[in-house]
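Me: I should like to learn how helices, sheets and chain contacts are read from a model. May we work through one case together?

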Amino acid sequence: MLEPFQLPFVQRALVELLLLAVLAGTLGCWIVLRGLAFPAHGAAAAAFPGLVLADGLGFAGALGGFGAALLFALAVGRLGTRRGEGHDTLTALVLVAALATGIVLASDVFHSAASVESLLFGSLLAIGPPDVRLAAVAALVALAATWLLGTRWLASGFDPASAPALGIRSKLPDTLLLVLVALGAVATLSAVGALLATALLVVPAATTRLATNRIPTWQRATVALAAAEGTLGIWLAVELNAPPGATIAVVAGAAFVATALGRAVAPSLRTAT
Amino acid sequence: MSARQPLLATENLAVGYTNGPPVLQDVTFTANPGQRIAVLGPNGGGKTTLFRALLHELRPTQGTLTTTGRCASVPQTERSRLDFPVSALDVALMGTIPSRRWWRRPSRTDRAAARAALKRVDLADRAERTYGELSGGQRQRVLIARALVQNAQILLLDEPFTGLDTMSAARLEELLRALADEGRAVLIATHDLEQARRWDRVLCVNGRQVAFGVPAETLTHDVLAQTYGAAIVTLPGEDPAAPHHAILPPHHHHHDAPPH
């Protein structure tokens, strides 16, 4: 039963997923708590043309992807605030524009359409050491940022109007959260691709939120769930010869539905604190 | 600190937003230790703007503002996210943020201060309860605890009695009285005229200061008419010589701060 995990490329994929589980547990909870799920999805989609551009021009894909995702995240954060509107409309516009630009660049400019599928849906079983290193860096940065800025992210999200009176007058902590969203989105691309990044960054945290009521408990539960979903997903993908990114997304979605149904059937279930 | 020295004093204060006309002007009043001051005015009349100026979030465009004690804001509980996974203790701990370097986590001393503040507002036994699951009155007291953690000598409360039942309102009023008796100045934005009559001073604003003084001399029909305009109504009382006044409730609530 555990045979697939004896294969080196599966072991490497598993290490990648465990590192991304740490990212999902720390950053993912802030994304869900601060209502950044759609911008996180948009940041991953925005990375797509950056990856195509990097591939075509011959520089590091992570650099191109991160640059595009960062540009998107900061623009959405700034324009969304200045207009006094939510992020949704702008995010949707940029998401469509990013996908269209990426596909045009890949098919008509750089003629690299063959790699579009792996960029959009990931290629978990073909990742290399740079991808693992990027996941490790993103996980460490998310942990450090949570340690340093967590109380400020919590306070400014809890009552934005009172944040200045609490001494949170700088926009820097919230801007750094958006930078981290961009970094997290790029770190997940090799595993699940631009279109399925939220399967790791959002769905596990949204699932455990249904059963937890304190930030530390929530984050620890999300790390454990994302690790379990990733492990099960990659095992299923190898056993069934299915695409690993999509399989992990299906497992994560199923876990969310099962948890939500469980809560609906037994609403008296006590949430963990 | 001398009991005679005001904690807060303004002189011809005018405040507004960037590139705009003053939202509030000609404000001259003092807040002494132990005083409870009702701030009356219609929605959009400048109450929130005044509080933001006292918190140094807005710079005076004219006049002076002098504070010798720290100001802390106690907003309406509806402005906070009730779905957040935070306990009453977590919320009280947010009051330690101004005194901490940005890279520092809450220390044991901070936690002890937050627990002491919750005890001060009679919520020691609710410290671990989820904030959103507390009653409206309890949530308001948690936010007061957050202000106390900031060692604030001046408390600015924005319509704290809105939505509270009679018992909770009475308990909150008693708490505010006790906090003032400890030497703090307590400013309460409110529309409740009957309650305002029980405070030490009343400040009426409507784009400018209409009046400031003790309730018995300040809450006259003329002052209220200038403050609230057509929203003020006169109700017949038992004594025809001393009719009651009431404010017609606004159709919808909004603050006077412009959109960001």
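Me: What covers the buried residues of α3(B)?

Reply: A preliminary remark: this is a predicted model. The cover of the buried residues of α3(B) includes two helices of chain B, α2 (88-93) and α4 (136-149).

Me: Which residues of α3(B) are buried, and why do they lie on the same side?

Reply: The general idea comes from helix geometry: an α-helix has 3.6 residues a turn, so residues three or four places apart point the same way. In α3(B), the buried residues are B:Asp110, B:Ala113, B:Ala114, B:Ala117 and B:Leu118. They are on the same side of α3(B) because they cover an arc of only 135° around the axis. On the other side of α3(B), the exposed residues are B:Arg108, B:Thr109 and B:Ala112.

Me: How many residues does helix α3 of chain B have, and what does it reach from its first C-alpha to its last?

Reply: One sets the span against the value expected at 1.5 Å a residue. Helix α3 of chain B, residues 108-120, has 13 residues and reaches 18 Å between its first and last C-alpha, close to the expected 18 Å. Just after α3(B), B:Asp122 adopts a positive phi of about 65°.

Me: Let us turn to sheets. What is the order of the open sheet of three strands in chain B?

Reply: Reading a sheet begins with the strand order and the sense of pairing. Here the order is β2-β1-β4 in chain B, and the pairing is antiparallel. β2 (22-31) and β4 (60-67) of chain B are the edge strands, each pairing on one side only. On average, neighbouring strands of this sheet are turned by 15° against each other, direction ignored.

Me: How many bridges join β1 to β4(B), and which residue stands opposite B:Thr10?

Reply: Strand β1 of chain B, residues 8-16, is joined to β4(B) by six bridges, and the two run antiparallel. Opposite B:Thr10 stands B:Leu65 in β4(B). Helix α1 of chain B, residues 47-54, packs on this sheet and touches β1, β2 and β4 of chain B. The direction of the helix makes about 120° with that of β1(B).

Me: What is the pairing in the open sheet of six strands?

Reply: In the sheet with the order β5-β6-β7-β3-β8-β9 of chain B, the pairing is mixed. Its edge strands are β5 (71-74) and β9 (209-213) of chain B, each with pairing on one side only. Neighbouring strands of this sheet are turned by an average of 15° against each other, direction ignored.

Me: Which strand pairs in this sheet are parallel, and which are antiparallel?

Reply: Among the parallel pairs, β3(B) and β7(B) share five bridges, and β3(B) is joined to β8(B) by four. B:Leu40 stands opposite B:Thr190 in β7(B), while B:Ala38 stands opposite B:Val202 in β8(B). One antiparallel pair is β8 (residues 201-205) with β9(B), joined by four bridges. There, the bridge partner of B:Val202 in β9(B) is B:Gly213. As for packing, α1(B) touches β3 (36-40), β5, β6 (154-158), β7 (185-190) and β8 of chain B, and its direction makes about 155° with that of β6(B). α4(B) also packs on this sheet, touching β5 and β6 of chain B, at about 165° to the direction of β5(B).

Me: Why is β3(B) described as largely enclosed by the rest of the structure?

Reply: The reading rests on burial: five of the five residues of β3(B) are buried, so this strand is largely enclosed. B:Arg36, B:Ala38 and B:Leu40 point one way from β3(B), B:Ile37 and B:Val39 the other way, and all are buried.

Me: How many residues does each chain give to the contact?

Reply: Chain A gives 22 residues and chain B gives 20 residues. On the side of chain A that touches chain B, α6 (129-158) and α10 (215-240) of chain A are the elements that give two or more residues. α6(A) gives the most, with seven residues. By character, the residues of this side of chain A divide into 11 nonpolar, eight polar and three charged.

Me: Finally, is A:Thr247 buried or exposed?

Reply: The cut-off for a buried residue is 20 or more other C-beta atoms within 10 Å. A:Thr247 counts as buried because it has 23 C-beta neighbours inside 10 Å. This residue is found in helix α11 of chain A, residues 244-265. Leaving aside neighbours within four places in sequence, A:Thr247 is in contact with A:Gly233, A:Leu236, A:Ala237 and A:Ala242. A:Thr247 and A:Gly233 are 14 residues apart in sequence and, C-alpha to C-alpha, 5.4 Å apart in space.

Notes
Residues are numbered from 1 along each chain as its sequence is written. Chains are lettered from A and ligands numbered from 1 in the order in which they are written. This is a predicted model: local features need pLDDT of at least 70, side-chain atom pairs count only at pLDDT 80 or more; totals for chains, interfaces and linings use all residues. The expected span of a helix is 1.5 Å times one less than its number of residues. A residue is buried if 20 or more other C-beta atoms lie within 10 Å of its own, exposed if 12 or fewer, and partly exposed in between; C-beta atoms are placed from the backbone. The arc is that of the directions from the helix axis to the C-beta atoms. Two residues are in contact if their C-beta atoms, placed from the backbone, lie within 7 Å. Two strands pair if DSSP finds at least two bridges between them. Axes are lines fitted to C-alpha atoms, for helices over the stretch in contact, and angles run from 0 to 180 degrees between N-to-C directions. Ala, Val, Leu, Ile, Met, Phe, Trp, Tyr, Cys and Pro count as nonpolar, Asp, Glu, Lys and Arg as charged, and the others, Gly among them, as polar.
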